[in-house]
Amino acid sequence: TIGENEVWLQTYALTWKLFTEKSRSRSSIATYFGLPVVGLFTSWLLYALLGTENHSSGDLEQYLTALSLVFVTQSVCTHVVAEKAAKLRESLRQMGVGDAAYWLSITIVETLVAATCLAALLASLATPLRLFHSVGRGYSHAWTSAVAATAWRELFALFWTYSAASVSLAAFLSVFCGSPATASLASFAVTIVAIATFMVLKMSAATALEQSQNALALCPPLG
């Protein structure tokens, strides 16, 4: 129908606009990809310093990876809030651009493009380093090319779902923030509170937490 064609045309235009803006911000790109990479290498180096090189327990990654991925939430939340504060959203509505096209463009760029590239990069680094307790397999089994390929796919799914869920979290937080600075602070604060909550639950209710870990994995940054 005509209405559906208009939505897709608007989505295409907004997607191109957002992609162009992100590609021009080299500092944001460097932080978006660099911070999680630093988090992974920090985990690996800490294991080496502790005398457990190539024997990741998976404990450090739970916290450092979640903390290093906070920029995924921050970047989306601050972008949406900045456009809202600048009255750009109101201008788009006056021009006939609907909310469906606006949020769909953010989903395409942040989830299908940025999150996919980030997940592929992190999985490609974490797999050969055998982080996350050898990707949940421990160190008593042979590490063949087939096992490594399966582990890569599992890590890719983990990082992608976490990043995609972080985009949803950012959209939720943007409703309550009035300025980009507030959005950035709120994103970081939620991450810290969630990590602290996870630590408390893990120490005080390990069995209950293990039983509900599949559900928590889809609720960043608790996953």
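**Reasons behind the descriptions of a helical chain**

Along the sequence, the protein chain of this predicted model runs in the pattern α-α-α-α-α-α-α-α-α-α-α.

Reader: How many helices and how many strands does the protein chain have?

Author: The protein chain contains eleven helices and zero strands. Buried residues account for 36% of its 223 residues. Of the contacts in the protein chain with a separation of 6 or more, 75% join residues 24 or more positions apart.

Reader: Why is Thr11 called buried?

Author: The relative accessible area of Thr11 is 2%. Buried means under 20%, so Thr11 meets the definition. This residue is found in helix α1. Leaving aside residues up to four places away in sequence, Thr11 touches Ala101, Leu104, Ser105 and Ile108.

Reader: Why does Ala66 count as buried, and where is its place?

Author: Ala66 has 6% relative accessibility, and the limit for a buried residue is under 20%; Ala66 is therefore buried. Its place is in helix α3, residues 59–68. The C-alpha atoms of Ala66 and Pro36 are separated by 8.6 Å, with the two residues 30 apart along the chain.

Reader: What makes the phi of Arg130 worth a remark?

Author: Most residues other than glycine have a negative phi. Arg130 is not a glycine, although its phi is positive, at about 55°. Arg130 lies in the loop between α6 and α7. With a relative accessible area of 18%, Arg130 falls under the 20% limit, so it is classed as buried.

Reader: What makes Phe132 and Phe159 an aromatic pair, and why is the pair called edge-to-face?

Author: A pair of aromatic rings is described by the distance of the centres and the angle of the planes. Rings pair if their centres lie within 6.5 Å, and planes over 60 degrees apart count as edge-to-face. By this rule the count is five aromatic pairs. For Phe132 and Phe159 the values are 5.8 Å centre to centre and 70° between the planes; both conditions are met, and the pair is therefore edge-to-face. The pair links distant parts of the chain, with Phe132 in helix α7 (residues 131–136) and Phe159 in helix α8 (residues 145–174), 27 residues apart. Both Phe132 and Phe159 are buried.

Reader: Why is the pair of Phe172 and Phe176 edge-to-face, and is Phe176 buried or exposed?

Author: The ring centres of Phe172 and Phe176 are 5.1 Å apart, and their planes stand at 65°. An angle over 60 degrees counts as edge-to-face, so that name applies to this pair. Phe176 has 59% relative accessibility. Exposed means over 50%, and Phe176 is therefore exposed.

Reader: How do you know that Lys22 lies over the face of Tyr32?

Author: Lys22 is at 5.6 Å from the ring centre of Tyr32, and the distance required is within 6 Å. Lys22 is listed as lying over the face of that ring.

Reader: What is the volume of the second largest pocket, and which residues are the closest to its centre?

Author: The volume of the second largest pocket is about 380 Å³. This pocket is lined by 20 residues, and Lys22, Ser23, Ser28, Ile29 and Glu110 are the closest to its centre. The elements giving two or more residues to the lining are α1 (2–24), α2 (26–49), α4 (70–85) and α6 (99–129). By class, the lining has ten nonpolar, seven polar and three charged residues.

Definitions and conventions:
Residues numbered from 1 in each chain as written. Predicted model: local features only at pLDDT ≥ 70, side-chain atom pairs only at ≥ 80, totals over all residues. Heavy atoms only, no water. Phe/Tyr/Trp six-rings, centres within 6.5 Å; stacked < 30°, edge-to-face > 60°. Helix = DSSP H or I, 4+ residues; strand = E, 2+ residues; numbered from the N terminus. Buried < 20%, exposed > 50% of the residue type's maximum accessible area, 1.4 Å probe, protein only. Lys NZ or Arg CZ within 6 Å of the ring centre and 35° of its normal. 1 Å grid on protein atoms, 1.4 Å probe; cavity = no way out; pocket = protein on both sides within 12 Å on 5 of 7 lines; lining within 4 Å. Points joined across faces, edges and corners; volume = space filled by probe spheres on them. Nonpolar A, V, L, I, M, F, W, Y, C, P; charged D, E, K, R; others polar. Contact = heavy atoms within 4.5 Å.
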